[in-house]
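Please open the model in your viewer and keep the sequence panel beside it, since each stop on this tour begins with a selection.

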Amino acid sequence: MNLDQLLAQSREQTKLGRYVKAYVEAQTQPDQVVAKPDLSMRQLAMCMPNITLMEVHSDQNVVYRIAGDNVIARLGMNPTGHNFMDLIPPGERVATATANRYCLTHPCGIYLVYDNDYSSGRRMVSESLILPLRKSTDEPANLLLGLHIHHEASGFSPIPGETRLLANLRTASYVDIGAGLPGAEFANPMSVASAVA
């Protein structure tokens with residue numbers, strides 16, 4: 001899927017469009033991962049309450065560095081400094097790590113529509129676009145910039161009192177940000193889950 005196809009199917013075209021525009025305009029070459037200082041915070045201002053920035057130290061250690069106010073409110077806690085992977089169901093961790101790795105190394109985006117279970121007992125459907133980021137122009141990509149658009153309640157959590165992200169995956173696709181897509185065997189970021197778990 002390319003960025004135009006992604007925007008055409010999004011339920012939040014205005015917010016997602018602004019996010020995509022800020023990223024694309026910061027690319028110095030069409031296939032290059034954006035450096036954090038090159039992003040326009042003015043363009044992202046409307047999106048900031050739903051933004052996360054995570055630093056990837058290893059496949060299983062992905063630390064929240066920034067979480068917007070809406071993200072904090074939905075989670076019921078400020079995840080800054082916490083490991084994102086601790087909030088992912090164990091059966092989805094290998095697939096999530098694989099998708100993160102391809103996002104950073106290929107590079108490409110990851111588009112997801114999924115249900116999260118929150119400690120409040122509610123299950124909510126969300127839409128996210130994760131994009132690779134570098135701290136500076138001379139460093140490799142090791143940051144994941146995410147826009148998480150909150151849509152609607154979809155039910156109740158089967159495990160009240162516990163927050164689980166990606167509790168029910170509805171859609172998962174890599175997104176071409178200028179460098180093409182990973183090979184056909186990785187067409188679905190979560191396809192590795194069926195092979196491994």
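Helices and strands here are runs assigned by DSSP, a helix having at least four residues and a strand at least two, and they are numbered from the N terminus. Bear in mind throughout that this is a predicted model.

Begin by selecting strand 5, residues 122–134, together with strand 6, which pair in the antiparallel sense over 13 bridges. Follow the chain from strand 5 into strand 6, and you will pass through a hairpin in which six residues make the connection. For one bridge of this pairing, pick Met 124, whose partner in strand 6 is Ala 153.

Keep strand 6 (residues 141–156) selected and add strand 2 (residues 51–58), because the antiparallel pairing of these two, over five bridges, is the next stop. Here Ile 51 has Leu 147 of strand 6 as its bridge partner.

Now turn to the interior, where one cavity of 30 Å³ or more is counted, with a volume of about 300 Å³. Which residues lie nearest the centre of the largest cavity? Select Phe 84, Tyr 114, Ser 128, His 148 and Leu 165, which hold that position among the 23 lining residues. Elements that give two or more residues to this lining include strand 2, strand 5 and strand 6, already visited, as well as helix 4 (69–75), helix 5 (93–105) and strand 7 (164–175). Strand 4 (109–117) is also one of these elements, and its four residues are the largest share of the lining.

Finally, colour the lining by residue class, and you should find 15 nonpolar residues, seven polar ones and one charged residue.

Conventions: Residues numbered from 1 in each chain as written. Predicted model: local features only at pLDDT ≥ 70, side-chain atom pairs only at ≥ 80, totals over all residues. Heavy atoms only, no water. Pairing = 2+ DSSP bridges. 1 Å grid on protein atoms, 1.4 Å probe; cavity = no way out; pocket = protein on both sides within 12 Å on 5 of 7 lines; lining within 4 Å. Points joined across faces, edges and corners; volume = space filled by probe spheres on them. Nonpolar A, V, L, I, M, F, W, Y, C, P; charged D, E, K, R; others polar.
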